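Me: I would like a close look at a single part of this model, namely one of its sheets, together with what packs on it and the charged side-chain pairs found along the way. Please take it step by step and keep the description connected.

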Amino acid sequence: MITPAQFNIFVSSVNTLIGAAYDDTVPVAYDKLCETVPSAGSQNVYGWTGMLPKMRLWNGPRVVFEPAPQTYVLANQAFESTLALDRFRLDDDQFGIYYRMLPDMARQARRQPDYMVRDLLENSGDQTGTRQLGLDGLTGFNTAHPVDLYNANAGTFSNDFTAGGFATTFPKAGGGTSAVTVGGAFSPTAVMTSIEYMMTFKAEDGEALGIVPNQIMVHPLLRGEAEVVLKNSFFAPPAWGTVTGQVGSAENAISRFGVDLIINPFLTQAYTWYIADTSRAFMPLIHQVREATRIVPRVSENDPAVFDSHQFLYGAWDRQAVGWGPAWLIARSGPA
């Protein structure tokens, strides 16, 4: 441990190449899933209407449809970071040990939306409580999202396939239903069933929304499995529905689905994974920016902190928020 008495020896003998280990090029992931929206006040109000009904057989008088507006309020949050550098130690820093702290501050500011999106997806940090509520008033990931907010008979859908998967049924032509488990722990079957189920999501008029998932995001501990499932041309086939009994190597149909892979090192729930459709005019999540990050130095000789305590201060702050887009654009999955 470096004591204050040893500090001068420390700064004059250390090799600052070690500091370069902290300089990284980890790419941000939030921009793959978020719609970045400017904000001009303390909050944004997002308004929309449901899907216009399909045309009907003209049998009798016209049936008038009046759209019902819906709103979603997303309040901005303020964040700060403050760095203090002792002026005397900074003056004596011949090797730039302390000067590299400023790029670190900028790097953390660049990562801030990723931390916020991670916390929103994982219900942690500053994104808990009411910030977990999405456009329909339910939690962003839920097993009973309403298809139509104004018609309970329209049914529900799930975008939460954790706890080993979501059990659902589909009607059969001859009557009755067929049971399916959607998602669960990452596997070819879990990926396939998630994609197929999301493609059945319906709009308010009862017809398919046309969802085509094209992004899967995983923790680094799932990278190997994800690379095999999404990119390999061949693999040992699992049992899918009525396709069973295959042996040896088979062509990997999932690799032709056009699903891109996001490796997100900021995730903390290692075996929870996410699947989304980012091909629409609006993205699955919202990144709302009231004030971009700015860093202000207090280094004037007349500044009280410098004059009284020989401290240089650097303060960063911003105002932004993350929130939910339509629930049918993103889902999560994971093991029991």
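Reply: In this predicted model, the part to look at is an open sheet of four strands, which follow one another in the order β1-β15-β16-β4 and whose pairing is mixed. The edges are formed by β1, residues 34–38, and by β4, residues 77–86, each of which pairs on one side only. Between neighbouring strands of this sheet the average turn is 30°, with direction ignored. Helix α3, which covers residues 101–122, packs on the sheet and touches β1, β4, β15 and β16, while its direction makes an angle of about 25° with that of β16.

Within the sheet, β15 (residues 285–298) and β16 (residues 311–324) run antiparallel to each other and are paired over eleven bridges. One residue to follow here is R294, whose bridge partner in β16 is W317. The side chain of R294 also takes part in a salt bridge with E291, where the closest N and O atoms lie 3.2 Å apart. The two members of this pair differ in their surroundings, because E291, at a relative accessible area of 17%, falls under the 20% limit and is buried, whereas R294, at 41%, lies between the 20% and 50% limits and therefore counts as partly exposed.

The helix that packs on the sheet can be read in the same way. R118 and D119 are joined through their side chains by a salt bridge with an N to O distance of 2.7 Å. Here R118 has a relative accessible area of 15% and is buried, and D119, with a value of 12%, is buried as well; both assignments hold because the limit for a buried residue is under 20%.

A further pair is that of K32 and D31, whose side chains meet in a salt bridge at 3.5 Å, N to O. In this pair K32 is partly exposed, its relative accessible area being 35%, and D31 is likewise partly exposed, at 39%.

Salt bridges can also be linked to one another, as they are in the network that connects R87, D91 and E301. To set these cases in the context of the whole structure, a search across it finds 14 salt bridges, among them the pair of E291 and R294, the pair of R118 and D119 and the pair of K32 and D31.

Technical notes
Residues numbered from 1 in each chain as written. Predicted model: local features only at pLDDT ≥ 70, side-chain atom pairs only at ≥ 80, totals over all residues. Heavy atoms only, no water. Pairing = 2+ DSSP bridges. Helix = DSSP H or I, 4+ residues; strand = E, 2+ residues; numbered from the N terminus. Axes fitted to C-alpha atoms, helices over the stretch in contact; angles between N-to-C directions. Contact = heavy atoms within 4.5 Å. Salt bridge = Lys/Arg side-chain N within 4 Å of Asp/Glu carboxyl O. Buried < 20%, exposed > 50% of the residue type's maximum accessible area, 1.4 Å probe, protein only.
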